[in-house]
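Dear colleague,

I am passing on a structure that you may like to have open while you read the notes underneath it. They take up one pocket and then one strand with its neighbours.

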Amino acid sequence: MLDSKLLVIKIGSNVLTQENGLPDLERMEKLVAQIQHLTSLGKKIVLVSSGAVAFGRQAIPLPEKLNPVIKKQIWASTGQIRLINQYQNFFEKHKQHVAQILVTKEDFRDRKHFLNMKNCVQALLSQGILPIINENDTVTITELMFTDNDELASLAAAMINADTMMLLTNVDGIFTGNPSDPSSELIEKVSSSMPEVSNYISASKSSFGRGGMLTKYAMAKKSADLGIQVIIANGKRENVLGEFADKSLRCTWFEPQKAKHGAKKWLAHGEQYYVGEVTINEGAKSSLTAEVIRSLLPIGIIKLEGEFSKGDILLIRDESGHKIGLGRAEYSSKVANDRIGQKNQKALIHYDYLYIFDHD
Ligand SMILES: Nc1ncnc2c1ncn2[C@@H]1O[C@H](COP(=O)(O)OP(=O)(O)O)[C@@H](O)[C@H]1O
Ligand SMILES: N[C@@H](CCC(=O)OP(=O)(O)O)C(=O)O
C-alpha cells in the first residue's frame, strides 16, 4: 500500500445497517472517530456515503403495492436527512464541520457543472470542512442513475485528483469465490498484469447494496488505471481505518498505474456521458494512437453524429466503427459540420482533452 494524502472513502449501505435493517449507529460513530483519526494524521478526506434509502426504509413504512420508484424517492428523501443529521451529530463531537453534496450523473457530464462541483469540494477541504457526497436519489431515476455509489466514488476520486479510493463494504475484499465459502481466498493485490479477476465475482450483493462486487471491481480497476490506488475493505472491521493508516489492513489492494492528467481523468469516465460521435479516417487514427498524441483536426473527420456544444464529450470511432476514445469538443456540432474534411481548421479535440482507450 502507498502513502495517501487525499482520499475518497465510500461507505456502503450495508456497513451502516444491521442485519435486521436498522441503522447501525454504533458502527457509524466508530467510523466517524476513525475518519477523524485519519484527518489528525494530516490526510484530507471526502466521504461518499450510501444509506439514505436504508435509513428511510427503516423509519417510514410504506404500502407493499406502492410503485417502487416512488418508494425509493420517499425513502431517499426522508432517509438522507436522517443520514446526514447523524453524521453531523457524530462529527460535531470532534468539532468537525461537514457539508452535504447531492449529485447527479448530469453534474459529471457537463464540464462546467463538473468544475463548479470540483471547486466547491476543494474549497470545503481547504477550509477543513468534510464533504459528504451522495447521489440525489429523488431526481435520478433509471437511466439517470449512477450504477451505484462505487461509480460515484470513482468519479469523485478522479475529480479531486485523489491518490486513494477506499470502498468500504461488508466483506474483506474480493475473494476467489463466494466470500462465505471457507475454501475462497482473499485476493490481496490486483495489478494490471494479472489475469481477469472478475471471473471470480458473482452477481450477488448484500441485502441493502445496489451494485454488488462486480461494479466495485470495475470501478476500482478504472480508478487504478488512472493512477489512483484502490482499497476494497470491510467497513464492519473494528479498526478498519486505523489498520489502513498503519498499513496492516486485510483488504484487496489495486496497484495504481502512472497517474493521468486531470482532464483525462474526467474524460475516462465519459463513456456514458458522451453527447456526440465523431468518425475519423485511418490517418487521424494513427495520429491519435501514436506515442506522441496529436489533436483531432477536421481534415481527419469523416462523419459527425448528434448535436453537441463546445465542452461536450464526444465518442471517437474509427472507420470500422470501433470505439477508440473520448474527447472534449472545442466547438459546436454546427461549426464542426461545416468544417468536416477541411484543411487548416482549428482542432475539434485538443490533445489535452483526449482520452484514448487501451488497445487489446
Ligand atoms: N468474489 C467475491 N468476493 C467478494 N464479494 C463478492 C464476490 N462475489 C459477490 N460478492 C458480494 O458482493 C457484496 C458487496 O457488494 P454490495 O452489496 O454492492 O456492497 P455495498 O453495499 O457495500 O456497495 C458482498 O456482500 C458479497 O456478497
Ligand atoms: N444513494 C443510495 C445509494 C445506493 C447504493 O449505491 O448503495 P451501495 O451499493 O450500498 O453503495 C442511498 O443513499 O441509499
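In this predicted model, the lining of the second largest pocket draws on both domain 1 (6-265) and domain 2 (274-356), with at least three residues coming from each. The volume of this pocket comes to about 430 Å³, and 17 residues line it, those nearest its centre being Lys260, Ile293, Tyr355, Ile356 and Asp358. Two elements, α10 (282-289) and β13 (349-356), each give two or more residues to that lining, and β13 is the one that gives the most, with three residues. Should you wish to consider the chemical character of the pocket, its lining residues divide into eight nonpolar, four polar and five charged.

The other part of the structure that I looked at is strand β4 (residues 130-135), which is mostly covered, since six of its six residues are buried. The cover extends to both faces of β4, with Leu130, Ile132 and Asn134 buried on one side, and Pro131, Ile133 and Glu135 buried on the other.

As for the strands that pair with β4, strand β3 (residues 98-103) runs parallel to β4 and is joined to it by six bridges, with Ile101 having Ile133 of β4 as its bridge partner. Strand β2 (residues 44-49) also pairs with β4 in the parallel sense, in this case over two bridges, and here Leu47 stands opposite Ile132 of β4.

With kind regards

Definitions and conventions: Residues numbered from 1 in each chain as written. Chains lettered and ligands numbered in written order. Predicted model: local features only at pLDDT ≥ 70, side-chain atom pairs only at ≥ 80, totals over all residues. Heavy atoms only, no water. 1 Å grid on protein atoms, 1.4 Å probe; cavity = no way out; pocket = protein on both sides within 12 Å on 5 of 7 lines; lining within 4 Å. Points joined across faces, edges and corners; volume = space filled by probe spheres on them. Helix = DSSP H or I, 4+ residues; strand = E, 2+ residues; numbered from the N terminus. Nonpolar A, V, L, I, M, F, W, Y, C, P; charged D, E, K, R; others polar. Domains from an automatic or database assignment. Buried < 20%, exposed > 50% of the residue type's maximum accessible area, 1.4 Å probe, protein only. Pairing = 2+ DSSP bridges.
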